[in-house]
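Trainee: Could you walk me through this model, one question at a time?
Mentor: Gladly, have a look at it and then ask away.

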Amino acid sequence: MDNPDINAHGEAGGFQERRSQHDLRRIFDAACQITAPFFDVKQSWGGSSLTMYARQTLREAYPELTQQEVAILFSGVQRFHRGAAKGI
C-alpha cells in the first residue's frame, strides 16, 4: 500500500518544492499589477489587443531579468489575467 508521507521521489517528510524561479515568484504580484491594463478586454487600440505591450513593460520594469526569465514571467502573468477575466 502507498505511504502518503512519501512523495513521488520516495523521500519522507511530505511535499518537495519543484519550482525553482524564486526571484520570479517574488515579483509576480507586482508584475501582475503593472501589466493589468494591457489585459483589460475593455481597452484596445483599433480593436487590437494590447498584450504585446505587457511583455515590453516587464522588460523595462525588470531589466535585470534574462529574456528567458521575462518569457516565463510573461507566461505566468498572462495565465493569471486570462483566469481573472474568466472569473476563475
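The questions below go from the overall fold to the core and then to single residues.

Mentor: Before you start, this is a predicted model, in which local features need pLDDT of at least 70, side-chain atom pairs count only at pLDDT 80 or more, and totals for chains, interfaces and linings use all residues. Residues are numbered from 1 along each chain as its sequence is written, and side-chain values use heavy atoms, with hydrogens and water left out.

Trainee: Which pattern does the chain follow along the sequence?
Mentor: Helices (H or I, at least four residues) and strands (E, at least two) are DSSP runs, numbered from the N terminus. The chain has three helices and zero strands. Read along the sequence, the pattern is α-α-α.

Trainee: What percentage of the residues in the chain is buried?
Mentor: Buried means under 20% relative accessible area, exposed over 50%, and partly exposed in between, with a 1.4 Å probe and protein chains only. The chain has 88 residues, and the buried share of them is 24%.

Trainee: Which helix gives the most residues to the largest nonpolar core?
Mentor: A nonpolar core is a set of buried Ala, Val, Leu, Ile, Met, Phe, Trp, Tyr and Cys residues joined through side-chain atoms within 4.5 Å. The largest one here has 13 residues, and I27, A31, L58, Y62, L65, L73 and V77 have the most contacts inside it. Two or more residues come from each of α1 (22-39), α2 (51-61) and α3 (67-86). With five residues, the helix that gives the most is α1.

Trainee: Which residues does V77 touch, leaving out those up to four places away in sequence?
Mentor: Contact means heavy atoms within 4.5 Å. V77 is among the core residues with the most contacts inside the core. Beyond its sequence neighbours, V77 touches F28, A31, C32, T35 and F39.

Trainee: Is H81 buried or exposed, and what is its relative accessible area?
Mentor: H81 sits in helix α3. Leaving aside neighbours within four places in sequence, H81 is in contact with C32, T35, A36 and F39. H81 counts as buried because its relative accessible area is 11%.

Trainee: How far from E69 is the nearest side chain of opposite charge?
Mentor: E69 is in helix α3. A salt bridge is a side-chain nitrogen of Lys or Arg within 4 Å of a carboxyl oxygen of Asp or Glu, and for charge Lys and Arg count as positive, Asp and Glu as negative, while His and the chain ends are not counted. E69 is buried yet has no salt bridge, and the nearest side chain of opposite charge, R26, is away by 9.0 Å.

Trainee: Which backbone nitrogen lies 2.9 Å from a polar atom of the side chain of E69?
Mentor: Not counting residues up to four places away in sequence, E69 touches Q21, D23, L24 and E64. The backbone nitrogen that lies 2.9 Å from a polar atom of the E69 side chain belongs to T66.

Trainee: What separates the C-alpha atoms of Q21 and E69 in space?
Mentor: Q21 lies in the segment before α1 and is partly exposed, because its relative accessible area is 28%. Q21 touches E69 and I72, again without residues up to four places away. Q21 and E69 are 48 residues apart along the chain, and their C-alpha atoms are separated by 8.5 Å.

How values were computed: Polar contact = N/O pair within 3.5 Å; in protein donor to acceptor, adjacent residues only side chain to side chain.
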